[in-house]
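Welcome, and thank you for taking a look at this protein with me. Please have the sequence and the model at hand as we go.

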Amino acid sequence: MDSYGPPLDRSHSLASGLEKSSPTWRKPSHSRSSSTLSSRHSRQIIKDWEVVDDLHVEMHIGGEMTPPGICEGYLLKRRKWPLKGWHKRYFVLEAGILRYSKHQHDVSRGRVQGSLDVSRAVMSINKKSNRIDLDAGDILYHVKAKSHELFYIWVTKLQAHRLFKKSEAAPVHAPAHGAAAERAQRNGAVTASSAGLGGSAAASEVLPSADAAVNSKVSAWLRQSHEPDACAQELNRCHLDLSEINRLIQRLQALEAGQTFTNGELQRIISTQNLSLEKPKKSKSGKMWGHSRTLSTVEALGMVRLVCEQRHWCYWYMFNRLLLFTPNHTLGCVFNPKPIRGITKSLSSSHLSSSSHLGASVPSIPDYVYSQLSPQTAASPEGRKLQQDICSMSLRVLASLKSVHETLSQERQKLQETWEQNHLHQLNPLPEVRQPGLRLHPGLRLHPGLRLHPGLRLQTDASLFLPPQPAAARAPSRRAPSVADSAAEYFDASDDVLCGSSSEASDESGLSDGSTSNSEPDDGHASATRKYRASISRTPNSAVPKSTGRRTALPAHCPDNSHVGLMAILYNNIGKDLARVSMPAPLNEPVNLLQRLCEELEYSELLDTANATADPFQRMVYVAAFAISGYSTATFRNRYKPFNPVLGETYECVREDRGFRLISEQVCHHPPISACHAESDSFSFWQDQRWKNKFWGKSVEILPTGMVNATLSRYGDHYEWNKVVTCIHNVFSQQRYLEHYGEVTIGNLNSNVCTCRITFVKSRYWSSDSSKNEVQGTVLDQSGSVIHRFGGLWHEGIFCDTLPTPKCVWKPHPQPKDYLLYYGFSTFAMELNELTPDLEPLLPPTDSRLRPDQRMLEEGRVDEADRMKDEIEEIQRERRKELAKRGEEHVPRFFKKSKDSCGRDVWLTNGTYWKLRDDPGFANTENLILW
Ligand SMILES: CC(C)CCC[C@@H](C)[C@H]1CC[C@H]2[C@@H]3CC=C4C[C@@H](O)CC[C@]4(C)[C@H]3CC[C@]12C
């Protein structure tokens, strides 16, 4: 195998964008943390793994995606238990499903030992050891091919199947639209102008044809709305552009490698054939036999095979010098080409003649392909031209996709609202008639203090609170109105208040819905969230905060870090707290974890409002909104990691404009703990943050421990709540995103009048983007009755429809201009690390604002920042060693360890910071030297 050339450990991945070459960032990303591994060897192994994405698979022939062919053969499969050793198993990959059996003959007998949908698995490969890992969460396969060639073929095939299956699952093709529009037209719902409206036309099909009002409104929408047409055109353009880009890239690669065939063509051939990778058995007549299913076709189509008898080499020869199989390694390859006539022809003619090139110097397929993927300077004018074309075309596609996305989201929202409003009319044509079958959760009772609106109509989404019930129990039943119905009416009454006019209420309010009798609890959640969402979107954004004199942008744009390989870093730090893993500076954002604690106070006005609210139940709603608001930063913050504070580092934040001041300190190194304390006239807020990680292959869960605390001065409340899990999905890929899920319970340690439960709903993998990030909450009284309910999305806002005036209790501020160029920071986040001349002399030298590496990164001096970061971490290590030598322990300066009411360790302020700052001033105290 070695003779196939060395370069399997190149950082240019076969198909992943994770480890693109980078002259600036060739510094091996694992170097920093490699000390955690025992041997150089194990580091090497980790380094060679790559996650494969499906971007580079070439499967289009003439614009259509070709279904990939079957692939079958023996692979070595890692034993399940103990996880040691390998056994040979026969694998068949067909229609996106990878099945395996013990032996080849088991397949025909239907004896399958396991199967996995490859489109749902994360695929990691190790080119050095020919290994492929497929991780579908619950099912995990570790397999190994016997040779590079087999490995390459399997990888190519797997990619092809994944891509095809994914594309099948998410069809965006236009042709169906015409048919749908036609059908819709037959229903009389749309006029001729709607042909080609695609999804929108299809939506009209589900409208109950009996309801003329519904039909007319939606068809009016369809008539007026031409955006989907524009989108379809735009997408068609994108499609063409992408094909063109693909062609240009291939051309460029071929040009640079001086080759006639492109990598894409090779991949396409492998993808589309039916392949049996087993050694063709010798028949009595001495003929070579392949898999029975494929053999005759193979011969019929003139499969290209050269056998070089003298040297006992068997060349399976696809293109010029592409496949080289030796009897010792790979044992034959039988192709059942689907009719790609041109290619078969070219195989058999011009390329056969180049057999004389074959030999030990011939690069293997992987080498060939990797060489194609290597960045090469396109010296020729044609190459440069190609590069420019690729660039400008890519930008065009990006712009188109952005605009399509925006338009479609708006249209969807409009349609949704139109549909919901009309749907209500249909379900509740007569306001006085009670809708049968309404059920309410026993916990959802009417609070004695609540007044019912006189003009009651029955529209509610009580299903929100319904626990799962067997289908029989969901059947509508007629019964007398009950307290539960009254509660439902109460919610409806709220809508009236919201909309001002009772007759128009159902048209305007996004909150009412009569469709409760047979909705699944999950659907209930989703539909409630849709309504909350609609109401939130109608709430105007809070006025742009008046200028605080603080900066509105960072000094420099964020660096591109898409090339930095994360895999090695994370593997090398398994078991470590992700947030604390040291990463190269381009992976960092110029704020640290102490500052991120402060960021949770971005919406501190909610605590001020709570403190000004007399009713304890309503007060709780605002506290809950505050607890949720702290999670909203996650929306745009998944590309960079906050700096880890060093032990003893501090941070202060004085916000006269918001009326609070905060201090935080890194109080412990093992485990790393950051503590903070904030105070204002209306509240105090403190927490210490530490967390654990769970690494799931393609995602990382952050499980915070420790409670968050807030007290309100006016009512003496002491609220305490837990945090939910934050999950970094697709951690290795550029499609990384954050999700929060779990339950938060807010208690009041000084009063048991009410509690609050908030659910951060875990999205299902098929859920649409608009239903991601759902939050639902209830405020309960002592007996467990629901007094208030609220919901929405943690990145868009929270609506409470049970307040005397139902309203959006919280909505995140709009993001500042160009925020994506500034790490996705909000205005508040931009301000966190701002250092003004009047502030500087007042800070202790341990303040994060004075930390040089973070400052360098903020100023765009990324390389310097990285070096400085190494130095600061080294200083910290030295300091720890010194302390250990002296048998001492680090004592935090401004926080002390204590126990909370449940006996848990907590870090509380010792009350000295602000006093020292005033007198004698930190310039006159003894301070730690951290950098
Ligand atoms: C470079 C890439 C891979 C790493 C990105 C990691 C980022 C997204 C991670 C690292 C540390 C993480 C934070 C750690 C702790 C918390 C507290 C939790 O209650 C809310 C989420 C929050 C605030 C996390 C958000 C996501 C986070 C910032």
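The paragraphs below go from the ligand to charged pairs, and then to some points along the backbone.

Keep in mind from the start that this is a predicted model. A good place to begin is the ligand. Around the ligand stand 19 residues, and the closest are Leu566, Arg596, Trp691, Lys723 and Thr726. On its own, the ligand would expose 600 Å², and the protein buries 96% of that area. The space that the ligand takes up is the largest cavity. If you would like to see which strands help to form the shell around the ligand, look at β18 (641–643), β22 (683–695) and β26 (725–729), each of which supplies at least two residues. Lys723 deserves a second look: an N or O atom in the side chain of Lys723 is 3.0 Å from an oxygen atom of the ligand.

Now let us turn to charge. Side chains of opposite charge can pair when their charged atoms come close. How many salt bridges does the structure hold? There are 36 salt bridges. One of them joins Glu796 to Arg533, with 2.8 Å between the closest N and O atoms. This pair links distant parts of the chain, as the two residues are 263 residues apart. Glu796 lies in the loop between β30 (786–793) and β31 (797–800), while Arg533 belongs to helix α16 (residues 521–538). Is each partner buried or partly exposed? Arg533 is buried because its relative accessible area is 19%, under the 20% limit. Glu796, at 22%, counts as partly exposed.

Another salt bridge brings together the side chains of Arg655 and Asp657, at 2.7 Å from N to O. Here Arg655 is buried, with 2% relative accessibility, whereas Asp657 is partly exposed at 42%. Glu864 and Arg861 form a further salt bridge, and their closest N and O atoms are 3.1 Å apart. Both of these residues are partly exposed, Glu864 at 32% and Arg861 at 33%. Salt bridges can also share partners: in this way Glu589, Arg596, Glu599 and Arg637 are joined into one network. You have met Arg596 already, among the closest residues to the ligand.

Next, look at two buried residues. His142 sits in strand β10 (residues 140–144) and is buried at 14% relative accessibility. The side chain of His142 makes a polar contact of 3.0 Å with the side chain of Asp133. Leu593 is part of helix α18 (residues 593–599), and its relative accessible area of 6% makes it buried. Leu593 and Ser848 are 255 residues apart along the chain, yet 9.9 Å separates their C-alpha atoms.

Finally, follow the backbone. Most residues other than glycine have a negative phi, and most peptide bonds are trans. Where does the model depart from this pattern? The peptide bond from His670 to Pro671 is cis, with omega near -5°, and Pro671 lies in the loop between β20 (660–668) and β21 (673–680). The bond from Asp919 to Pro920 is cis too, with omega near 10°; Pro920 is in the segment after α24 (913–918). As for phi, Asn130 has a positive value near 60°. Asn130 is in the loop between β8 (122–126) and β9 (131–135) and is buried, at 8%. Asp818 also has a positive phi, near 55°. Asp818 lies in the loop between β32 (807–810) and α21 (827–832) and is partly exposed, at 39%.

Notes. Residues are numbered from 1 along each chain as its sequence is written. This is a predicted model: local features need pLDDT of at least 70, side-chain atom pairs count only at pLDDT 80 or more; totals for chains, interfaces and linings use all residues. Side-chain values use heavy atoms; hydrogens and water are left out. A salt bridge is a side-chain nitrogen of Lys or Arg within 4 Å of a carboxyl oxygen of Asp or Glu. Helices (H or I, at least four residues) and strands (E, at least two) are DSSP runs, numbered from the N terminus. Buried means under 20% relative accessible area, exposed over 50%, partly exposed in between (1.4 Å probe, protein chains only). A polar contact is a pair of N or O atoms within 3.5 Å; within protein, one must be able to donate a hydrogen and the other to accept it, and residues adjacent in sequence count only if both atoms are side-chain atoms. A residue is near a molecule or strand if one of its heavy atoms lies within 4 Å of it. Accessible areas come from the Shrake-Rupley method with a 1.4 Å probe; for residues, only the protein chains shown count as cover. On a 1 Å grid over the protein atoms alone, a cavity is a set of points where a 1.4 Å probe fits but cannot get out, and a pocket is an open set with protein on both sides within 12 Å along at least five of seven lines; lining residues have an atom within 4 Å of a point. A molecule sits in a cavity or pocket if more than half of its atoms lie within 2 Å of its grid points.
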